[in-house]
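Trainee: I should like a close look at one part of this model, namely how its strands are joined into sheets. Please also show how a residue outside the strands relates to them.

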Amino acid sequence: MKLKAILCGLSMLAAQATFAAQQEFLIGTYTQDGSEGVYRIVLDDTKQELKNIGLVASAVNPSYLSIDSQTKNILAATGKQQGGIASFKWNNNTAKFDLVQQVEGLGRGACHIATNPDGSKVAIADYGSGEVFMYSVDTQSLTLSKAGYFKNEGKGDNSRQEAPHMHYVEWDKTGRFLYAVDLGTDEIKLFDSQDSEFTAQVAAKLQAGDGPRHIAQHPQKAWVFGLNELSNTITVFDQDLDSGKLNAKQRVELLRDTDPDGNTASAIKVSADGRYVYAAVRGVNKISVLSVGKNGKLKLLQQHSTIGNWPRDITISADQNYLLIANQKSGDISVLARNNETGLLSATSMQLPISTPSYIGNF
């Protein structure tokens, strides 16, 4: 009996090890060149390989996803000319997503979507029309109802800043403030959930021609890292927890002086311990690794090849051991190993063909 118990315990440990060795991700895509929607992939740490489990949600251009880590349900930014939101429930029996609702006619070029911490609100950013749409979410049924709308005005100095271009939305960690990043006007807008009118304020004004694209929040501190697409820089902000305003304290270059022109920053992530920031830059196809100082300021440590062309999105694996890259033009997912202590990246042999990937997230 004692031997049987020992063997049973060893079997359980082996099963746990196998589970930990396999991490799952969802891939959002542009539905062209054979892509049909959202795909599920697995990283096998033991075998050092990526596997495509297959299509799990059919949608038109699900370019960005918001994944509920508890329920596994997702909300997707969708559409071609007109933007939209699709809500999907995970079906354990089929191991796929069931469509709950498809909202259409939301501006032009929906490119990012985010939910607040309790999942009761969702917002999308429309690049083409410079708009932000907010919807209330029934957390049980996953049905959506209109809750807020804003259209920005203005332009910037760069040829790509001829009009507002809302590129990103994200709630702060408290769930009170919603930030909307406008590449076209060099602004980060701010919406306070205590304001029922959904009135926009300016949270931060960037340098002319910066073209802000995304933001990432420090997991413990009130620091926000703003990724600027056109200038290939990161602006570091202190967040005012009372007003939500963002106060700039540093602007750091992502590229070296020797890097050629024609590059555009695309995605930014912070490690779970808050010690390192990772930013993707298209053109040179590199990941910039930066350390986070005690005051939140950044220092460029490394540039590493994406081992693919045109990195549109990146994510850090749940175990923090890998950085995965969605390479849009080469049509693949590449994987870099991550040193948890130094933050530095190194190449792996793991690479997986996926047509026109635009988003990657832990599932």
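Mentor: Two strands are said to pair if DSSP finds at least two bridges between them. The strands themselves are DSSP runs of E with at least two residues, numbered from the N terminus.

The model is predicted, so local features need pLDDT of at least 70 and side-chain atom pairs count only at pLDDT 80 or more, while totals for chains, interfaces and linings use all residues. Residues are numbered from 1 along each chain as its sequence is written, and side-chain values use heavy atoms, with hydrogens and water left out.

Let us begin with the sheet that contains β1. Four strands make up this open sheet, in the order β3-β2-β1-β28, and their pairing is antiparallel. At its edges stand β3 (49–58) and β28, each of which pairs on one side only. Neighbouring strands here are turned against each other by 25° on average, direction ignored; for such angles, the axes are lines fitted to C-alpha atoms, and the scale runs from 0 to 180 degrees between N-to-C directions.

Within this sheet, β1 covers residues 22–29 and β2 covers residues 37–44. The two run antiparallel and are joined by six bridges. One facing pair is L26 with R40, the latter lying in β2. In general terms, strands of a sheet pair through backbone hydrogen bonds, either parallel or antiparallel.

R40 also leads to a residue outside the strands. A95 sits in the loop between β6 (84–91) and β7 (96–103). Apart from neighbours within four places in sequence, A95 is in contact (heavy atoms within 4.5 Å) with R40, V56 and W90. I53 lies 42 residues away from A95 in sequence, yet the C-alpha to C-alpha separation of the two is 10.0 Å. Is A95 buried or exposed? With a relative accessible area of 30%, A95 is partly exposed, a class that lies between buried (under 20%) and exposed (over 50%), with a 1.4 Å probe and protein chains only.

A second open sheet has the order β12-β13-β14-β15, and its four strands likewise pair in the antiparallel sense. Why does one side of β12 and of β15 (201–205) lack a neighbour in the sheet? Both strands stand at the edges with a single partner strand each, so one side of each is left without a neighbour. The twist from one strand to the next averages 25°. In this sheet, β13 (residues 177–182) and β14 (residues 187–192) pair over six bridges, in the antiparallel sense. There Y179 stands opposite L190, a residue of β14.

A further antiparallel pair comprises β26 (residues 332–338) and β27 (residues 345–353), joined by six bridges. R338 has L345, in β27, as its bridge partner. These two strands, β26 and β27, form a hairpin with six residues between them. In the turn, G343 has a positive phi of about 80°.
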